[in-house]
Amino acid sequence: MAQFTVTGDVDPFLHVSMQRGEKIYCESNAMVMMESALDLKGKITGGIGSALMRRFANGESFFQTHIEAARGDGDCLLSPTLPGAIEVLEVGHASYKLTDGAFVAAESGVSLNVRTQNVGSALFGGTGGFFIMEATGMGKLAVSGFGSSFAIDVEPGKDVVIDNAHVVAWDSRLHHEITVATSNSGGFFGQIVNSVTSGEGMVLKFSGQGKVIICSRSRESFASWLLKLMPGNG
């Protein structure tokens, strides 16, 4: 099996070591360096229909980059689009759902499938709209968020509430629902008002048993901050 190693403390690389005949695939433009024994091709993974659904669901590239150790053993370095940490997950016993832009790379035994989710999560959850990506199969999966990352182990009876802008990926066996971060008093409308005025938006509550990967930064908040710095927006 290909070896996935995260190297570097700030904006790390994903270092992939492959033996002859092994294959991986990654998000378009993720490849930074590869040795001459490796071949790189842009492919429509899973057919045109699947590619279109991935593009629609998570904003992933229509063509994905496939790398194969065609002429011998070789290494490559990959990098996510946004500056941030990389987490390597084992798909097999567990499958994982991914938020927009979280996918970096996977072994060839891992499949990215499009799943539907409920209206509440689609409209307010910030996890990819009515469709979301799920990684199934067998092998390593690399995901990335904006900033540092942290893995949370959710246990039965110990629900975890996470700001939806900081969720990267989670175990598909976990139950998740959309809620607000503020007090439950005042009815749903009151909770929404409190949520808006406090600066804390909608959150996701996870229950069951499994892992959730979170990141330290919010892309939306950072983009809003940058926009305020633009001339005429002060």
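Two residues are in contact when heavy atoms of theirs lie within 4.5 Å. In this predicted model, Phe 13 meets that condition with a set of residues beyond four places away in sequence. These are Thr 5, Val 6, Thr 7, Val 32, Leu 77, Leu 78, Ser 79 and Ile 86. Phe 13 lies in strand E2, which covers residues 13–18. The C-alpha atoms of Phe 13 and Ser 79 are 5.2 Å apart, although 66 residues separate the two along the chain. Phe 13 has a relative accessible area of 32%. That value falls between the 20% limit for buried and the 50% limit for exposed, so the residue counts as partly exposed.

The protein as a whole contains 4 helices and 19 strands. It has 234 residues, of which 43% count as buried. Contacts between residues at least 6 apart in sequence were also examined. Of these, 77% join residues at least 24 apart.

Strand E2 belongs to an open sheet of 4 strands. The strand order is E1-E2-E7-E4, and the pairing is antiparallel. Strand E1 (3–7) and strand E4 (31–34) stand at the edges. Each has a single partner strand, so one side of each lacks a neighbour in the sheet. From one strand to the next, the twist averages 20 degrees. The pairing of E4 with strand E7, residues 74–78, is antiparallel and runs over 3 bridges. Within this part of the sheet, Met 34 sits opposite Cys 76 of E7.

Cysteines were then considered. A disulfide is a covalent bond between the sulfur atoms of two cysteines. The model has 0 disulfides by the distance rule applied. For Cys 26, the nearest cysteine sulfur is that of Cys 76, at 7.1 Å. The cut-off is 2.5 Å, so Cys 26 is in no disulfide. Cys 26 has a relative accessible area of 0% and is buried. Cys 215 is also classed as buried, with 8% relative accessibility.

Elsewhere, Ser 144 is located in strand E13, residues 139–144. Its relative accessible area is 8%. This is under the 20% limit, so Ser 144 is buried. A polar atom of the Ser 144 side chain lies 2.8 Å from the backbone oxygen of Ala 85. Ala 85 is also among the contacts of Ser 144 that lie beyond four places in sequence. The others are Pro 80, Gly 84, Ile 86, Gly 101, Ala 102, Val 104 and Val 168. Ile 86 is likewise one of the residues touched by Phe 13.

A further strand, E15, spans residues 160–163 and has alternating side chains. Val 160 and Ile 162 point to one face and are buried. Val 161 and Asp 163 point to the other face and are not buried. Strand E15 pairs with strand E18, residues 202–207, in the antiparallel sense. The pairing extends over 4 bridges. In it, Ile 162 is placed opposite Leu 204 of E18.

Aromatic side chains were also surveyed. The count comes to 4 aromatic pairs. One aromatic cluster is formed by Phe 146, Phe 222 and Trp 225.

Key:
Residues are numbered from 1 along each chain as its sequence is written. This is a predicted model: local features need pLDDT of at least 70, side-chain atom pairs count only at pLDDT 80 or more; totals for chains, interfaces and linings use all residues. Side-chain values use heavy atoms; hydrogens and water are left out. Helices (H or I, at least four residues) and strands (E, at least two) are DSSP runs, numbered from the N terminus. Buried means under 20% relative accessible area, exposed over 50%, partly exposed in between (1.4 Å probe, protein chains only). Two strands pair if DSSP finds at least two bridges between them. Axes are lines fitted to C-alpha atoms, for helices over the stretch in contact, and angles run from 0 to 180 degrees between N-to-C directions. A polar contact is a pair of N or O atoms within 3.5 Å; within protein, one must be able to donate a hydrogen and the other to accept it, and residues adjacent in sequence count only if both atoms are side-chain atoms. Rings of Phe, Tyr and Trp (its six-membered ring) pair if their centres lie within 6.5 Å; planes under 30 degrees apart count as stacked, over 60 as edge-to-face and the rest as tilted.
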